[in-house]
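Q: Please take a close look at one part of this model and walk me through it. Start with which residues are buried there, then work outwards to what surrounds them.

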Amino acid sequence: MAGTGSARGLEKGAVLAGRLLAAVAGDQDGGGCTAGVVPAGVGAAVGLFESVRYRLDPIVARMVGAVQVEVPLAEGVHDLDAMAAAITPRTRAVFLCEPNNPTGTAELEWFLDRVPGDVLVVLDEAYFEFYRSPGAPDGVALHHERPNLLALRTFSKAYGLAGLRVGYGVAQPVIAEALRKCAVPCGVGRIAEEAALAALRVETEPFERVERIVAERERTRAALLGLGWEVLPSETHFLWLPTGEAESVAAQWERRGLLVRAFPGSGLRVTLSSPDANDLLITAKETAPPAR
């Protein structure tokens with residue numbers, strides 16, 4: 001996508017646009033998230049993932065015949081020690097969300113130091129603009145010194161262009177060039193390309209919106225914690241409420257006019273909305289947490 005690299009101050013050939021997951025899975029034989037590593041059998045590559053909560057990566061990995069290895073989260077956060085230990089000589093790619101729907105970690109460089117140089121690390125930074133923790137990692141900045149790192153960004157979240165399905169990856173030119181050879185043809189349409197470039201030219205407005213969402217995230221989380229909910233720290237634009245009663249709670253909220261995503265037996269994903277909508281959630285009589 002012409003213009004993205006220059007807008008970010010990146011070297012020529014470092015940026016590639018499109019639906020990159022299929023290209024990565026097809027070329028590197030890997031894919032997935034909660035955090036993942038792919039070990040290979042004969043003719044198959046191995047991909048290492050985190051345990052999956054929301055991602056499409058494992059689906060794509062299965063489509064291309066990659067062997068998947070999932071590494072469970074530890075209390076909702078990456079278990080980077082376990083991920084590093086799961087890498088074997090057959091591992092071809094490691095997939096890592098950062099922040100990880102919704103938590104984050106400041107230990108990325110420690111982990112990258114422990115990944116062999118011939119294993120591709122695919123860093124999904126879809127929610128990068130919402131990250132506020134001190135020491136938050138920046139994959140685009142890190143790629144200069146990390147030849148095996150591919151950082152993925154999207155216009156779907158902070159820029160509000162989810163319906164256009166456009167994003168980009170940043171890696172050293174040798175990786176970017178390899179991915180261009182196997183990327184999905186015409187992965188980004190003309191309208192999506194023009195919208196993404198226009199978004200880069202007016203970043204002030206999207207980032208002002210992000211700041212408002214972050215403020216609502218902290219306010220709403222504090223209110224839910226005060227009501228007795230367990231709410232994981234969030235570095236994204238939604239909150240995760242672990243509960244085994246996800247479906248019944250979601251049904252109660254839906255009757256109230258509140259739509260949240262329920263993961264049966266696991267928890268609730270609550271997307272932050274306007275202050276009025278968030279207030280409706282906080283004040284609804286159905287918002288009392290289930291008995292533990």
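A: This is a predicted model. The part chosen here is helix α9, and its buried residues are Pro206, Val210, Val214, Glu216, Arg217, Thr220 and Leu224. The cover over these residues includes β9 and α11. Both are worth following in turn.

First, the helix itself. Helix α9 covers residues 204–226. It has 23 residues, and at 1.5 Å a residue they should span 33 Å. The end C-alpha atoms of α9 are 33 Å apart, so the expected and modelled spans agree. Just after α9 comes Gly228, with a positive phi of about 105°.

Next, the helix partner. Helix α11 takes in residues 275–283. It packs against α9 at an angle of about 10°, and the two axes are 10 Å apart. Angles under 35 degrees count as roughly parallel. The pair α9 and α11 is therefore roughly parallel.

The contact can be read residue by residue. From α9 come Glu216, Arg219, Thr220, Ala223 and Leu224. From α11 come Pro275, Asn278, Asp279, Leu281 and Ile282. By class, this contact holds five nonpolar, two polar and three charged residues. Glu216, Thr220 and Leu224 take part in the contact, and these three are also among the buried residues of α9. The spacing fits a general rule. An α-helix has 3.6 residues a turn, so residues three or four places apart point the same way.

Now the strand side. Four of the five residues of β9 are buried, so this strand is largely enclosed by the rest of the structure. Strand β9 belongs to an open sheet of three strands, in the order β9-β11-β10, with antiparallel pairing. Strands β9 (238–242) and β10 (261–263) stand at the edges. Each has a single partner strand, so one side of each is left without a neighbour in the sheet. On average, neighbouring strands of this sheet are turned by 20° against each other, direction ignored.

The pairings can be followed strand by strand. Strands β9 and β11 are joined by five bridges and run antiparallel. In this pairing, Pro242 stands opposite Gly267 in β11. On the other side, three bridges join β10 to β11 (residues 267–271), again antiparallel. There, Ala262 stands opposite Leu268 in β11. In general, strands of a sheet pair through backbone hydrogen bonds, either parallel or antiparallel.

One more helix belongs in this picture. Helix α10 (residues 246–255) lies across β9, β10 and β11. It runs at about 35° to β11.

Three spots elsewhere in the chain also deserve a check. The peptide bond from Glu98 to Pro99 is cis, with omega near 0°. Pro99 sits in the loop between β5 (91–97) and α5 (108–112). Arg165 is not a glycine, yet it has a positive phi of about 50°. Its place is the loop between β7 and β8 (167–170). Arg165 is partly exposed, at a relative accessible area of 46%. As a background rule, most residues other than glycine have a negative phi, and most peptide bonds are trans.

Last comes Arg146, in the loop between α6 (139–142) and β7 (149–154). Its relative accessible area is 15%, so Arg146 is buried. Neighbours within four places in sequence aside, Arg146 is in contact with Glu109, Leu112, Asp113 and Gln172.

Technical notes:
Residues are numbered from 1 along each chain as its sequence is written. This is a predicted model: local features need pLDDT of at least 70, side-chain atom pairs count only at pLDDT 80 or more; totals for chains, interfaces and linings use all residues. Side-chain values use heavy atoms; hydrogens and water are left out. Axes are lines fitted to C-alpha atoms, for helices over the stretch in contact, and angles run from 0 to 180 degrees between N-to-C directions. Helices (H or I, at least four residues) and strands (E, at least two) are DSSP runs, numbered from the N terminus. Angles under 35 degrees count as roughly parallel, over 145 as roughly antiparallel, 65 to 115 as roughly perpendicular and the rest as oblique. Contact means heavy atoms within 4.5 Å. Ala, Val, Leu, Ile, Met, Phe, Trp, Tyr, Cys and Pro count as nonpolar, Asp, Glu, Lys and Arg as charged, and the others, Gly among them, as polar. Two strands pair if DSSP finds at least two bridges between them. The expected span of a helix is 1.5 Å times one less than its number of residues. Buried means under 20% relative accessible area, exposed over 50%, partly exposed in between (1.4 Å probe, protein chains only).
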